[in-house]
Amino acid sequence: MTITRSQRKRLENKPKENSQSTKTPTQRQESNTKKQTVIEKQEPAMIENEKNVVDQQKETKDEQEVIDRQEEESDSSESESSDSDSSDLSSDEESEDLDSLLNKAEAALVSNQDDLSLEKKPTLQKLSKLNTGLDSSLYFKAANGRVSLASEAVQLVEPGQKPTQDSPLVVQANNTLEKQSSRKERQIEREKTTGKDWFDMPRPEITPELKRDLQILKMRHVLDRKRHYKKMGKQEDPKYFQVGTIIQGPTEFFSARMTNKERKQTIVDELLASDEQKQYYKRKHNEVSTRSNRGGKRDYKKLKAQRKMKF
């Protein structure tokens, strides 16, 4: 039988596989440990090589940065030198221009002064002083160290009077500054208003109508039997007050509105206008009068009439 090459290789590889399969587990562990030690020895060498490569790259970068900085500094120095040269040139040109302008201005001033000197100055004609016929010290006269108005030139006239002399100047006397109000007058003026705290409310004049209204306000607990007010007692009438009218709002059209007939100028007129209140006041007045006049002539006459009827 003929054997081909491929078959021969298969037959050679079979004993190796058999030999590997025949190995014990301890032998297999030993072979694995050997492989690991070889790998561990190779790893530190690879790490050191990588570190060296990284360090070389960093050094090359640093060198390039240094070179770039040196080039930038050289470029900036060159630009500064060129700027300084240009600024020096511009300053020189400006100074030259200023010198030329100053020279021109001086020449123009000199020429203007020559022209002004040649022109004739206008001559002013002196006018004679007006003669008023009055002395300078006419209005005031000094006598015994005191200064007073001269009666010939100035005449003081009180308000409402006519000048008696033909004097050139007539002055009205102002006597308001001379008068000084007394303490009583100042107190009276102060009492006319309440002062700044109450917005200078004026003190009203108490007329008979106002006096009646104030009396009714004191007796307001008697006006309505369904309302109870605090009694005013024997308090004095207020000095400062104001009288006004109360205007109802739109929501009180049917509840608190008064017609034009019911509106009066005073409180007394409003109370006397209603018939119901008149009757109530009459009844109350009669009750009070009978209570106060008990035991008088009326009662005695009534008792006499009753006795006669019995007999």
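**Pockets, surface and salt bridges of the predicted model**

By class, 10 nonpolar residues, 1 polar residue and 1 charged residue make up the lining of the second largest pocket in this predicted model. The volume of this second largest pocket is about 290 Å³. Its lining is formed by I216, M219, V222, L223, V268, L271, L272, Y280, Y281, K284, H285 and V288. Two or more of these residues come from each of α5, α6 and α7, and α7 makes the largest contribution, with 5 residues.

It helps to set this pocket within the overall fold. The protein contains 8 helices and 4 strands, and these follow one another along the sequence as α-α-β-β-β-β-α-α-α-α-α-α. The chain has 311 residues, of which 5% are buried.

The largest pocket comes next. Its volume is about 1,700 Å³, and among its 37 lining residues, I246, M258, I267, E270 and L271 lie closest to the centre. At least two lining residues are supplied by each of α4 (208–218), α5 (220–223), α6 (267–273) and α7 (275–292). Of these contributions, the largest share is that of α4, with 6 residues. Sorted by class, the lining of the largest pocket holds 16 nonpolar, 8 polar and 13 charged residues. L271 appears in both descriptions: this residue is listed among those closest to the centre of the largest pocket, and it also lines the second largest pocket. Helices α5, α6 and α7 likewise take part in both, with at least two residues each in the lining of the largest pocket and two or more each in that of the second largest.

On the surface, a nonpolar patch of about 640 Å² is built from Y139, F140, V147, L149, L156, L169 and V171. Two strands, β2 (146–149) and β4 (169–172), each provide at least two residues of the patch. One of the patch residues, V171, sits in strand β4. The relative accessibility of V171 is 30%, so this residue counts as partly exposed.

Electrostatic contacts between side chains are also present, and the model holds 4 salt bridges. One of them joins D237 to K218, with an N to O distance of 3.2 Å. Because D237 is in the loop between α5 and α6 while K218 belongs to helix α4, this pair ties together parts that are 19 residues apart in sequence. Both partners are partly exposed: D237 has a relative accessible area of 34%, and K218 has a relative accessibility of 25%.

Another salt bridge brings together the side chains of R227 and D224, at 3.9 Å from N to O. In this pair, D224 is partly exposed, with a relative accessibility of 30%.

Helix α7 hosts a further salt bridge. Here the side chains of K284 and E287 meet at 4.0 Å, N to O. The two residues are 3 residues apart within α7, which corresponds to about one turn of the helix. K284 has a relative accessibility of 34% and is therefore partly exposed, and E287, at 32%, is partly exposed as well. Together with R283, K284 and E287 form a network of salt bridges. K284 thus links two parts of this account, because this partly exposed residue belongs to that network and also lines the second largest pocket.

Finally, the backbone deserves a look. Most residues other than glycine have a negative phi. Against that background, F199 shows a positive phi of about 60 degrees although it is not a glycine. D200, again not a glycine, has a positive phi of about 55 degrees. F199 is placed in the loop between α3 (183–191) and α4, and D200 is also found in the loop between α3 and α4. As for accessibility, F199 is exposed, with a relative accessible area of 75%, whereas D200 counts as partly exposed at 42%.

Conventions: Residues numbered from 1 in each chain as written. Predicted model: local features only at pLDDT ≥ 70, side-chain atom pairs only at ≥ 80, totals over all residues. Heavy atoms only, no water. 1 Å grid on protein atoms, 1.4 Å probe; cavity = no way out; pocket = protein on both sides within 12 Å on 5 of 7 lines; lining within 4 Å. Points joined across faces, edges and corners; volume = space filled by probe spheres on them. Nonpolar A, V, L, I, M, F, W, Y, C, P; charged D, E, K, R; others polar. Patch = residues over 30% accessible without salt bridge, like charges linked within 9 Å, V, L, I, M, F, W, Y side chains within 5 Å. Areas by Shrake-Rupley, 256 points an atom, 1.4 Å probe, with all protein chains shown as cover. Buried < 20%, exposed > 50% of the residue type's maximum accessible area, 1.4 Å probe, protein only.
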